[in-house]
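Dear colleague,

Please find the structure we discussed placed below. My notes on what was found in it follow directly after.

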Amino acid sequence: MAAILISEVNQVITVSRMIDLAWDADPPARARGVVHNHVHRLRQLLVGQAEIATRGQGYVLLADPCAVDVNRFRYLVSNAHEAEPRTAVAKLRQALGLWRGEALADVPGERVRRTLGIGLTQARVAALQELGSKLLMLGRYGELITELTAWLAEHPLHEELTALLMRALQASGRQAEALEHYHRTRRHLEDQLGIDPGPALSGTYLAVLGGKSAAALHGSDRPQAGPGAGPGPAAPHGSGRPSAPPPSVTQLPPRIADFCGRVREIVALDQKLDRLPGPDCVVLAGGGGAGKTTLAVHWAHCHKAEFPDGQLFADLRGFERPPMRPDTVLGMFLRALGVPEAQIPDPLTERSALYRSLLAGRRMLVLLDNAGTAEQARPLLPATPGCLAVVTSRRRLSGLVVRDGAALVTVGPFAADDALELLGNVLGRSRLAADPAAARELVERCDRLPLALRIAAARLMAHPDWSLGCWTGKLADERRRLQELSAHDADLAVETSLYLSYRALSSGAARLFRLLGLHPGPEVDVHTAAALTGRELERTRRHLAELCDAHLVEEQAQGHYVRTELVRIYAEQLVTSEETPADRDLARQRLRDHAARCRLGRR
């Protein structure tokens, strides 16, 4: 009943209509009495917040329309229609941010969900489409790709949004991935509905295809080699490999113009390049927001000439749900390398073998971003001399180091001078020079983390009247620091970045990470950690090793661990929200008992 009244706030709804909506089948004989009883209970719950009045043969919920999310959503979307693009994006993001899952998902009556929810869902999709159009207009392709990928993972049959995603991917130089989304949607439509894609999606597909070679566009078995394509050996008859050399591809995302620092990491990457033509792999591992992708893309652009046969790129989304499957990425790579759709085999092992045979005798760079596991990345690694794979991950991917001979380069926070240089690049040197002490304090409040620094700089750019000292003062409040370090985008917040790493932990390591929020200070030893959890030392060591692998703590000396301020603050928030008061009290008591034993000279 609440959903029915709220959906039409300040509008009279007759009892007969409420009965018609509330019961999917024949209503009970006492349906009117049930409605009256529900309304009576709702009136008691809403005392002081809103009023349900009787009007003739029905009821009306009297309230401020914008106090209801549905109306607030419609109001924001309506205002966005006439606004300039940047303002429209902000209003549409605010409107879409009001959603929490499917419309009326918690309402038990199917008829209510079907009758009232379908219009809301259509309005949500329309708002998402308008947001996509505005982001395309502004050239903010990365944001759009993130938004639509998440939506389409749950609604894979939506053709208009798939077309938008394809346009954004094409504009980002990710043509192969755009085509992969089309083929995936086409298969879904055929398998589930028995239909072909409509004109809008088909037209987008043809437009994206227009960027490919003429031979590939017409489905030829002999794609033309692009500029710079190497000779490449011919394939045996019936192997499924194209008989002509694959075309050159350049899939690297744009690099950031104000890149700075990372001298040690760049030297390590250069050393791997010097070892070519041997087959090679480098893992760039670091915590969320450490700038791994920025570093990898910058280095790749600087050395494009060393890989004349092309550069492949894929975001593996290893810490998102769902992550990219290796066979899907291989399909994208094979299409980019000129293999017609009909000649791409289905089994993962066969796709991987065909992919590696195409790279044989060529110099190519393969950039695999955001890998979740070694198993996700391994089928995508080249296996012949002349190629280099650079893999970024929040984990160390020890499996690639041990089994595949990959080099491990850790990407940590910036040095203090590099952090100040980044701020100066974004804000301007004069603004930092006006208050150098506040600038130094600001980079420390951000843990010298590139993501946090860029968000802080973006907030300051949006408020030119704010002083560095004012902004640093905002970050001094630990209860609000993570909230302040957010660009109001799902993928551009320090807290979101930490959450993705935390979500990937095992249950035992996640519990230890939370309980560390009860421990003051940045450092902790294995005995104190074991006391917090009440677990044995060996299990605690395994969980601490997992936290190290995820870069949520770092081992400074054997058995001694340190964490950054932002990580500590996040752990404090988690232990408050996810542990019961009783469990927190028990952990604190174990910590006090451990401290008392240490004072007496006993562990």
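Arg394 lies over the face of the Phe319 ring, 5.6 Å from the ring centre. Please bear in mind that this is a predicted model. Arg363 is placed over the face of Phe307 in turn, at 6.0 Å from the centre of that ring.

Arg394 also appears among the contacts of Ser501, a residue of helix H24. Leaving aside neighbours within four places in sequence, Ser501 touches Gly288, Arg394, Ala550 and Leu552. Ser501 has a relative accessibility of 4% and therefore counts as buried.

I turn next to the aromatic rings. A pair of aromatic rings is described by the distance of the centres and the angle of the planes. The model holds 6 aromatic pairs. One of them joins Trp466 and Trp471: the ring centres are 5.6 Å apart and the planes meet at 25 degrees, so this pair is stacked. Trp466 is buried, with 17% relative accessible area, and Trp471 is buried at 0%.

The pair formed by Tyr502 and Tyr570 is edge-to-face, with 6.3 Å from centre to centre and 85 degrees between the planes. This pair links distant parts of the chain: Tyr502 belongs to helix H24 (residues 494–503) and Tyr570 to helix H28 (residues 565–578), 68 residues apart. Buried means under 20% relative accessible area. Tyr502, at 8% relative accessibility, therefore counts as buried, and Tyr570 is buried as well, at 4%. Ring pairs also bring in Phe513, so that Tyr502, Phe513 and Tyr570 are linked into a cluster.

Phe513 leads to helix H25 (residues 507–515), where Ala509, Ala510, Leu512, Phe513, Arg514 and Leu515 are buried. Which helices are included in what covers the buried residues of H25? They include H24, helix H26 (526–533), helix H27 (537–549), H28 and helix H29 (581–599). H24 and H28, which hold the two tyrosines of the edge-to-face pair, are thus among the elements covering H25.

The sheet is the next topic. An open sheet is formed by 6 strands in the order E4-E6-E7-E8-E5-E9, with parallel pairing. Strand E4 (249–250) and strand E9 (407–410) are the edge strands, each pairing on one side only. Within the sheet, strand E6 (residues 310–315) and strand E7 (residues 365–369) are joined by 5 bridges in the parallel sense. Phe313 has Leu367 as its bridge partner in E7. Helix H14 (residues 326–336) packs on the sheet and touches E4, E6 and E7; the direction of H14 makes about 155 degrees with that of E6.

Helix H14 has a helical partner as well. Two packed helices are described by the angle between their axes and the distance between the axes. H14 and helix H15 (residues 348–359) pack at an angle of about 35 degrees, and their axes are 10 Å apart. The crossing of H14 and H15 is left-handed. On the H14 side the contact is made by Pro326, Asp327, Thr328, Leu330, Gly331, Phe333 and Leu334. On the H15 side the contributing residues are Leu348, Arg351, Ser352, Leu354, Tyr355 and Leu358.

With kind regards

Definitions and conventions. Residues are numbered from 1 along each chain as its sequence is written. This is a predicted model: local features need pLDDT of at least 70, side-chain atom pairs count only at pLDDT 80 or more; totals for chains, interfaces and linings use all residues. Side-chain values use heavy atoms; hydrogens and water are left out. Rings of Phe, Tyr and Trp (its six-membered ring) pair if their centres lie within 6.5 Å; planes under 30 degrees apart count as stacked, over 60 as edge-to-face and the rest as tilted. Buried means under 20% relative accessible area, exposed over 50%, partly exposed in between (1.4 Å probe, protein chains only). Helices (H or I, at least four residues) and strands (E, at least two) are DSSP runs, numbered from the N terminus. A charge sits over a ring if NZ of Lys or CZ of Arg is within 6 Å of the ring centre and within 35 degrees of the ring normal. Two strands pair if DSSP finds at least two bridges between them. Contact means heavy atoms within 4.5 Å. Axes are lines fitted to C-alpha atoms, for helices over the stretch in contact, and angles run from 0 to 180 degrees between N-to-C directions. A crossing is left-handed if the near helix is turned anticlockwise from the far one by less than a right angle, and right-handed if clockwise.
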